[in-house]
Amino acid sequence: MTSTLPAADPVALLSDLIRCASVTPTEAGVLDVIERALTPLGFTITRLRFEGEGGTYPVDNLFATRGASGPTTGPHLLFNGHTDVVPPGDVALWRHEPFGAEIEDGVLYGRGAVDMKSGIAAFIAAISSLPATGRISIAITNDEEAESVNGTARLMQWAAEQGHKFDFAIVGEPSSTTTVGDSIKIGRRGSLNGRITIAGVQGHVAYPHKALNPIPVAATLISALSGTLDDGSEHFPASNLEFTTVDVGNPVTNVIPAIVTLALNVRYNDKWTPETLEEAIREGIESQDDENTRIDFEVQGTPSRSFLSPLSGGVELLAQVIEARTGKRPELSTGGGTSDARFIAAYCPVVECGLPGPTMHKTDECVPLADVRELTALYAAFIAAYLK
Ligand SMILES: [Zn+2]
């Protein structure tokens, strides 16, 4: 593929990507397709297989870069995406072959059509439509839909170790609501899981003075800690703590149990870090009467951090480019679940900008070709404006 103006057509590349059955973490040749598309565009490709740590499976990743070293100066733009897809499920429920890339009435069908092989195809096609100048890198993982341990998180760490510094990143996940560019995601809430154990003294229910029942203490803690933690912030709703289970495990009626275990989850905004949140939960626990029980609290796993990208710079430019194309400023959203943007936010401002995703993860996942072409043109307009 050589540079052609206007925007090169992304449909052939998208079809090739969809024909690879790259269900997480099977790569199925999909990264070869990307390597073949990017090499003629002057990119240096590094294939990175990050091996499992702590029981995780190995994952294939790809890093491509152009103009990042050498005489070129100016801003360094990063694009991130994932080639892995969720399984098709019961293939009999599909009207179209899940990995066939069939086109019917201007709509392309296949697993990954919106989530998110179109984003990758559109970005590469956008680059191929522009002069080969400027500093652009592309980080692709084949594990976003599952554990996400050996994917973008480690790719970003590796790129930093190689000396790459990025000024702005676009994640090509489906971010739009009904039309291409009507919404971009500028941040995400964080998520923290925790466990509280309350230890009393087991005993006979007929002799409560010889036991110490932890259940009333648990009840007090649950009502004291549940609910909102703040009033929200400019771009986020209020942070909220929910208890997700209360476990006593007592099968009999004549024993006061020794231990109650509580599990909780907090979805939190940009007013908190995992550290300040953990501290606040501890203080909340300590402010209650423990009635001589022993209360322990621990954070479970690694919390995902909240982030909010600065609204100036790349975000503002992207909003302007979208408004110039669509006549409407995009909604700056922080809603939805997690994505790999959370791993990029520690390195540079990041935004998710992609298609509407009404069929993602569904049977007959599909994308109107007009949407893929519009996304390509939008990316091209942004890249040209940003690298200028
Ligand atoms: Zn996705």
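1. A quick term before we start: two strands count as paired if DSSP finds at least two bridges between them. Keep in mind, too, that this is a predicted model.

2. Now look at strand β15 (residues 259–268), which is joined to β13 by seven bridges, with the two strands running antiparallel. Where does Asn240 sit in that pairing? Asn240 stands opposite Arg267 in β15.

3. Strand β13 (residues 240–247) has another partner: two bridges join β13 to strand β12 (residues 227–228), again antiparallel. Here, Leu241 of β13 has Gly227 standing opposite.

4. On to the metal. Which residues hold the zinc ion's protein donors? They are His82 (NE2), Asp115 (OD) and Glu173, with Glu173 giving an OE donor twice, and the donors lie 1.9 to 2.6 Å from the zinc ion. Along the chain, the donors follow the spacing H-x32-D-x57-E. His82 belongs to strand β3 (residues 76–82) and Asp115 to helix α3 (residues 113–128), so this pair, 33 residues apart, links distant parts of the chain. Both His82 and Asp115 are buried.

5. Why is the zinc arrangement called irregular? Because the four donor atoms subtend angles of 54 to 147° around the zinc ion. To count as tetrahedral, all angles would have to lie between 85 and 135 degrees.

6. Last stop, the nonpolar cores. The largest has 58 residues, and Leu38 and Ile138 touch the most other members. Setting aside neighbours within four places in sequence, Leu38 is in contact with several residues, including Phe43, Leu62, Ile124 and Ile138. Another core, of 19 residues, lies apart from that one, and Leu262, Leu264, Trp272 and Ile285 are among its members.

Key:
Residues are numbered from 1 along each chain as its sequence is written. This is a predicted model: local features need pLDDT of at least 70, side-chain atom pairs count only at pLDDT 80 or more; totals for chains, interfaces and linings use all residues. Side-chain values use heavy atoms; hydrogens and water are left out. Donors are N, O and S atoms within 2.8 Å of the metal (3.2 Å for Na, K and Ca); water is not among the atoms, so sites may look incomplete. Four donors count as tetrahedral if all angles lie between 85 and 135 degrees; four count as square planar and six as octahedral if opposite donors are over 155 degrees apart and all others between 65 and 115; anything else is irregular. Helices (H or I, at least four residues) and strands (E, at least two) are DSSP runs, numbered from the N terminus. Buried means under 20% relative accessible area, exposed over 50%, partly exposed in between (1.4 Å probe, protein chains only). A nonpolar core is a set of buried Ala, Val, Leu, Ile, Met, Phe, Trp, Tyr and Cys residues joined through side-chain atoms within 4.5 Å. Contact means heavy atoms within 4.5 Å.
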